[in-house]
Amino acid sequence: MRMRNLSFLILPGLVLTSLIAPAFAASDADIAKAEQAMAAKDYNTAITVLEAALQSDPDNIRLGSDYRQAIMRKSIAAHPKEGSPLDFDRCITFFEKVVAAHPNAATAYLNYGFCSVDKIPAAGSITQVLLANAALTQFSKSIELKPSWIALYTRGNSYLYWPVIFGKAGLGVADLERAYAMQKTEPTRAYHQRLYISLGDGYWKQDNIEKARAMWKEGLSRFPESKQIKARLDRKDDDLKSYIDDQLDPNKRVDTDLHEIWEAK
Amino acid sequence: MTFSFSGTGTGARFALAAGSVLIAAPLAVWGWAEATATIKFTEMAAKAGIQTEHHTRRFPGKYADVLRMFTSGGSSGAAGDYDGDGFDDLFVTDSDNGKPNHLFHNNGDMTFTEVTDKAGVGGGNDPKSIVADALWLDYDNDGKEDLLVARFGTPILYHNEGGGKFKDVSATSGFNRFGNTIAAVAFDYDNDGRVDVMLGNYFKSQNLIELPDVHVLPNDLDNAVNGGGATLWHNDGKGHFTDVTDKAGFGKLTGWTLDLGHGDFNNDGFQDIYLACDYGTDRIFFNNGNGTFTDVTEKAIGFDTRKGMNAEVMDYDNDGWLDIYVTNITDEYMKECNMLWHNNHDGTFTDISKETNTCATLWGWGAKFGDFDNDGWPDLFVTNGLRSAGKENYIPVLLNNLLLKPGMDFTDVSNWPEIGGMTWSGYQKKKMFHNLGGQTFKEISAEAGVDNEADGRGLALSDFNHDGKLDIFQVNADQKAIFYKGVTEGGGNWAQFKLTGTKSNRDAIGARITVKAAGLTQMREVDGGNGYAGQSSKTVHIGIGKATKFDSIEIKWPSGLVQKINGAAIGKINKITEGKGLQTK
């Protein structure tokens with residue numbers, strides 16, 4: 001199970017300001033230093049800098065995301081394709097300590113869960129299941145602390161990666177419907193299209209094809225250029241199943257980089 | 001629970017892009033382009049008299065259910081001509097306590113007669129041992145096929161006494177080391193003219209029936225290191241085998257070996273070996289030519305975490321280099337993908353199963369290549385299915401009661417939930433793939449009539465009635481065997497080659513025949529039991545499409561002798577003796 005590509009999170013405004021508080025300013029110097037190191041492919045330095053920064057600013061979503069990216073790039077540079085599981089273990093172990101020290105850091109829990117998601121492509125098939133379950137545990141803790149749109153979307157979407165046989169689609173739909181209700185109260189944001197896609201997928205996994213298509217159609221009415229929504233509406237039966245199965249393939253690495261969030265600020 | 005990961009991760013070796021592999025494959029689609037035949041089989045096990053039913057071992061005690069499930073792989077079938085009448089006979093294993101194995105004599109007309117009692121080869125399933133695999137081999141080069149029965153226990157070696165009778169020579173054979181053996185192959189690793197034996201062991205060396213320690217199951221389901229590894233036995237030439245495992249370089253193996261596939265992967269004249277391992281890393285060893293092997297896994301294929309079930313060897317794309325096909329588990333809940341290791345000609349392999357459409361065969365078991373339409377391109381048949389039972393599915397039970405429970409020790413039998421009447425990856429349709437010119441495969445199982453839903457295990461391919469069409473014997477776990485007669489109409493021409501070694505081992509295992517006809521070159525090696533739980537005929541079957549003559553035939557014997565053959569007949573079995581002429585049936 002893995003998160004979808006989160007590049008959609010290009011936020012036109014300050015929509016996530018409540019989510020990503022405290023503000024970035026306190027860590028700007030660290031971020032700059034880490035960025036320099038990353039640009040020089042000095043991943044060890046970037047990781048060290050970001051680990052130190054996160055210990056004092058654990059709920060900073062940018063620090064957390066950059067840290068995970070540094071881990072991933074280091075791993076893939078050394079081990080092409082999917083990286084080494086051991087590298088991702090560092091991320092998991094680190095955030096385990098961070099949330100132990102900062103038990104109310106909702107965003108730290110979110111990044112903690114993403115560490116497991118990032119490791120999935122490098123792991124064996126059984127370990128993938130264990131990692132997916134570990135990620136859900138951390139996402140749940142994040143929601144418990146702060147039921148934000150992104151946390152609900154993340155957990156809800158994660159449930160959809162589980163095979164139907166495990167009966168988790170209903171849990172995913174429940175989370176996604178909560179996120180849907182949240183976004184209905186906001187002005188339309190670019191990233192909202194992902195919710196339409198995932199919630200439609202959730203209905204599809206529950207064999208409610210009509211409801212799925214209605215959700216995708218609603219999404220398309222708001223995002224007429226969405227290729228992913230169109231791709232779903234253009235397909236039927238086995239063709240649609242094949243397409244969605246491919247989208248939810250646990251062996252495909254998905255970018256969990258959240259950089260668009262702050263870049264859009 | 002802890003997870004140990006080693007090496008460079010799944011699929012570390014992908015230096016050669018799949019696309020370039022496919023470009024490197026023969027561009028000519030000779031034979032295939034001309035082929036118009038539809039591959040077809042008809043099932044006739046009952047009519048043939050070989051619809052024998054397998055029984056997995058029933059264990060005593062509170063862990064009976066789990067142990068039975070973990071040892072359900074012992075259904076195997078071996079094709080071999082024990083009486084020298086030219087027709088391959090069949091030896092079929094059973095696994096439950098007291099249940100006999102079966103020897104079926106081939107009457108030559110697609111019927112068989114059971115001769116187990118007369119031959120004296122029914123034994124092996126006793127209160128302390130479980131039969132798991134079987135292998136025909138002429139270990140003493142006397143021209144009569146002997147029989148090795150591999151067990152969770154010590155192997156049984158039967159010497160063929162002639163006259164349809166066998167003698168149990170296990171006590172003096174040297175096979176005295178206990179192992180939970182699930183796979184056996186015979187090949188002459190040192191080219192001394194005698195076939196040696198390699199055994200693949202699943203569990204570590206502990207008697208599962210007495211179960212002195214309950215911690216016998218995999219310590220990690222993706223990277224287990226507490227399995228039985230493999231042992232290598234050198235044939236001393238006096239009816240005795242010596243354990244050379246450590247000396248040869250296999251002593252440190254701890255994988256859950258499920259199958260062994262041998263072949264000269266690097267074209268240096270020595271037999272190499274691939275080990276398909278459940279719960280983690282497959283291994284590949286290159287033969288150093290001095291009685292030792294080198295583990296080249298990291299460089300050749302990288303470290304995988306999949307559930308290796310089968311190791312079949314074939315030059316599927318006719319480029320003159322042996323490739324390897326490994327089945328794994330690709331089901332709704334586990335997306336591993338099989339591996340078709342394309343030989344890159346430089347000591348490395350690239351997995352192109354996705355690119356060739358041979359990736360997904362559900363819970364895979366035995367798989368065999370065979371040219372079913374005689375177009376010159378080896379097709380592929382894959383068995384699958386673990387346990388077909390009631391409507392309730394075991395997977396969620398396993399997930400919630402073991403996998404996701406914190407701190408569970410997977411090695412402890414008592415921690416595994418009972419399966420009872422539940423199904424686990426059952427009722428799976430078999431997969432047959434038509435080779436499209438060595439570049440990709442097309443799944444044709446339904447139209448070929450082989451999409452049965454049995455819990456398949458092993459396969460034995462042979463042209464049992466000498467009609468030029470390969471037949472398939474499929475054994476299943478706790479179910480009756482299936483026998484498919486090849487009935488393809490309009491297929492290509494063919495020829496078969498029965499090789500007999502003189503300086504080389506008499507079975508000619510490892511001998512390499514290269515034929516050229518109508519612009520296509522095909523290379524095949526005689527193998528000694530590649531592929532899970534099944535031994536195919538040692539007679540080499542080669543389809544040649546519309547060709548009506550051979551441009552050349554060359555045999556490279558394990559002894560090093562290279563022999564040119566002239567006058568081989570089309571549509572016949574060509575008998576060739578090392579260093580001598582051709583005798584056509």
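**Notebook: disulfides, salt bridges and the A–B contact**

I began with the S-S bond of A:Cys91 and A:Cys115, where the torsion is about -55°, so I noted the disulfide as left-handed. The sulfur atoms of A:Cys91 and A:Cys115 are 2.0 Å apart, which falls under the rule I used for a disulfide, namely a pair of cysteine sulfur atoms within 2.5 Å. I then placed the two cysteines: A:Cys91 lies in helix 5 (residues 85-101) of chain A and A:Cys115 in helix 6 (residues 106-119) of chain A, so the pair ties together parts that are 24 residues apart in sequence. Helices here are DSSP runs of H or I with at least four residues, strands are runs of E with at least two, and both are numbered from the N terminus. I found A:Cys91 and A:Cys115 both buried, where buried means under 20% relative accessible area, exposed means over 50% and partly exposed lies in between, with a 1.4 Å probe and protein chains only.

Before going on I wrote down the ground rules. The model is predicted, with local features needing pLDDT of at least 70 and side-chain atom pairs counting only at pLDDT 80 or more, while totals for chains, interfaces and linings use all residues. Residues are numbered from 1 along each chain as its sequence is written, chains are lettered from A and ligands numbered from 1 in the order in which they are written, and side-chain values use heavy atoms, with hydrogens and water left out.

**Cysteines of chain B**

How many disulfides does a search of the whole structure find? It finds 2 over all chains, and I turned next to B:Cys337 and B:Cys359, a disulfide with sulfur atoms 2.1 Å apart. B:Cys337 sits in the loop between strand 21 and strand 22 (339-343) of chain B, and B:Cys359 in the loop between strand 23 (349-351) and strand 24 (362-370) of chain B, so this pair ties together parts that are 22 residues apart in sequence. I list B:Cys337 as buried because its relative accessibility is 6%, and B:Cys359 as buried because its value is 14%. B:Cys277 is in no disulfide, and the nearest cysteine sulfur, that of B:Cys337, is 18 Å away; B:Cys277 counts as buried at 4% relative accessibility.

**Salt bridges**

I took a salt bridge to be a side-chain nitrogen of Lys or Arg within 4 Å of a carboxyl oxygen of Asp or Glu, and by this rule the count comes to 34 over all chains. The side chains of A:Arg62 and A:Asp66 meet in one of them, at 3.8 Å from N to O. A:Arg62 and A:Asp66 are separated by about one helical turn, because they are 4 residues apart in helix 4 (residues 61-78) of chain A. Both A:Arg62 and A:Asp66 are buried, and with A:Glu35 they are linked in a network of salt bridges.

I also looked up A:Asp239, which forms a salt bridge with A:Arg235, the closest N and O atoms being 3.8 Å apart. A:Asp239 is partly exposed, with a relative accessible area of 42%, and A:Arg235 is partly exposed at 25%.

In chain B, the side chains of B:Glu453 and B:Lys429 meet in a salt bridge at 3.1 Å, N to O. This pair links distant parts of the chain, with B:Glu453 in the loop between helix 9 (445-448) and strand 28 of chain B and B:Lys429 in the loop between helix 8 and strand 26 (431-436) of chain B, 24 residues apart. B:Glu453 counts as partly exposed at 34% relative accessibility, as does B:Lys429 at 39%.

**The contact of chain B with chain A**

With contact taken as heavy atoms within 4.5 Å, I noted 23 residues from chain B and 22 residues from chain A. The two chains bury about 2,000 Å² between them, 67% of it on carbon and sulfur atoms, buried area being the accessible area (1.4 Å probe) that two parts lose on being put together, summed over both. Across the interface of chain B and chain A the rule finds 0 salt bridges. On the chain B side, the elements that give two or more residues are strand 21 (334-335) and helix 8 (394-403) of chain B, and the largest share, 4 residues, comes from helix 8.
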